[in-house]
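Trainee: I am new to this structure and should like to be guided through it by questions. May we look at it together?

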Amino acid sequence: MAALNAVATRPNDNTIRLTWSPVTDSDTCVASSELDGYGDRSIHVSSSAWGGATITLKGSNEDVGANPEPLTDPLAVAISLSTGSATKVKQISECTLFVQPVTTSGVNSSVKITIFARRGK
């Protein structure tokens with residue numbers, strides 16, 4: 001069981017990409033505040049070994065990501081991605097200080113979770 005921190009890369013001055021990978025059944029993704037200042041956000045989940053895993057996304061504006069709540073897409077549906085999802089890319093409606101992917105129900109799963117965000121020029 002590992003606590004995985006996001007790896008941040010900045011493709012240019014106005015964008016950022018956070019990646020947690022590989023996330024397995026027993027791993028915990030550590031909440032990240034790297035997206036502060038980036039309002040337009042999306043999540044992408046990919047894997048060749050889903051193993052029944054479901055990825056949800058939580059967010060918080062409290063210290064160190066305390067009391068996270070489910071984040072939603074533009075239709076106000078809680079973000080939940082799995083092997084059966086019609087799409088593995090979702091826009092994130094809320095702009096919280098902390099974001100934290102959560103994986104559940106996987107057996108021998110290994111997924112890559114990427115959040116991409118941009119800010120105005």
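Mentor: Let us begin with a term: two strands pair if DSSP finds at least two bridges between them. Please keep in mind throughout that this is a predicted model.

Trainee: Over how many bridges do β2 and strand β3 pair?

Mentor: The two strands form a hairpin, with 2 residues between them. Within it, N12 stands opposite T15 of β3, and V7 has T19 of β3 as its bridge partner. β2 and β3 (residues 15–24) run in the antiparallel sense, and the number of bridges between them is 4.

Trainee: Which residue of β11 is the bridge partner of T15?

Mentor: T15 already stands opposite N12 in the hairpin. Its strand, β3, also pairs with β11, in the antiparallel sense and over 8 bridges. In β11, the bridge partner of T15 is R118.

Trainee: In what order do the strands of the open sheet lie?

Mentor: The pairs just described, β2 with β3 and β3 with β11, belong to an open sheet of 5 strands with antiparallel pairing. On average, neighbouring strands in this sheet are turned by 20° against each other, direction ignored. The order is β2-β3-β11-β5-β9.

Trainee: Why is one side of β2 and of β9 left without a neighbour in the sheet?

Mentor: Strands of a sheet pair through backbone hydrogen bonds, either parallel or antiparallel. β2 (7–12) and β9 (89–92) stand at the edges of the sheet, so one side of each lacks a neighbour there; the reason is that each has a single partner strand.

Trainee: Which residues touch the most other members of the largest nonpolar core?

Mentor: Two or more residues of this core come from each of β3, β5 (40–49), β6 and β11 (110–118). W20, for example, is in contact with residues including L4, C29, V99, V111, I113 and I115, its neighbours within four places in sequence being left aside. Of the 22 residues in the core, those that touch the most other members are W20, I43, V45, I113 and I115.

Trainee: Is strand β10 largely enclosed by the rest of the structure or largely open, and which residue stands opposite K58?

Mentor: Of the 7 residues of β10 (residues 98–104), 5 are buried, so the strand is largely enclosed by the rest of the structure. Strand β6 (residues 54–60) pairs with β10 over 7 bridges in the antiparallel sense. Opposite K58, in β10, stands Q100.

Trainee: Is S60 buried or exposed, and which backbone oxygen does its side chain reach?

Mentor: S60 lies in strand β6. The cut-off for buried is under 20% relative accessible area, and S60, at 4%, therefore counts as buried. Its side chain reaches the backbone nitrogen of E62 at 3.0 Å. At 2.5 Å, the side chain of S60 also reaches the backbone oxygen of A66.

Trainee: Where is D73 found, and what distance separates its C-alpha atom from that of K90?

Mentor: D73 is found in the loop between β7 (69–70) and β8 (80–82), and at 6% relative accessibility D73 counts as buried. Its side chain reaches the backbone nitrogen of L75 at 2.9 Å. Apart from neighbours within four places in sequence, D73 is in contact with I79, K90, Q91 and S93. D73 and K90 are 17 residues apart along the chain, and their C-alpha atoms are separated by 6.5 Å.

Trainee: In which element is confidence highest?

Mentor: The protein averages a pLDDT of 92, and 98% of the residues score at least 70. Where pLDDT is low, the predicted coordinates should not be read in detail. Confidence is lowest in β8, at a mean of 91, and highest, at 98, in β7.

Terms used:
Residues numbered from 1 in each chain as written. Predicted model: local features only at pLDDT ≥ 70, side-chain atom pairs only at ≥ 80, totals over all residues. Heavy atoms only, no water. Axes fitted to C-alpha atoms, helices over the stretch in contact; angles between N-to-C directions. Buried < 20%, exposed > 50% of the residue type's maximum accessible area, 1.4 Å probe, protein only. Contact = heavy atoms within 4.5 Å. Polar contact = N/O pair within 3.5 Å; in protein donor to acceptor, adjacent residues only side chain to side chain. pLDDT = per-residue confidence, 0-100. Core = buried A, V, L, I, M, F, W, Y, C linked by side-chain atoms within 4.5 Å.
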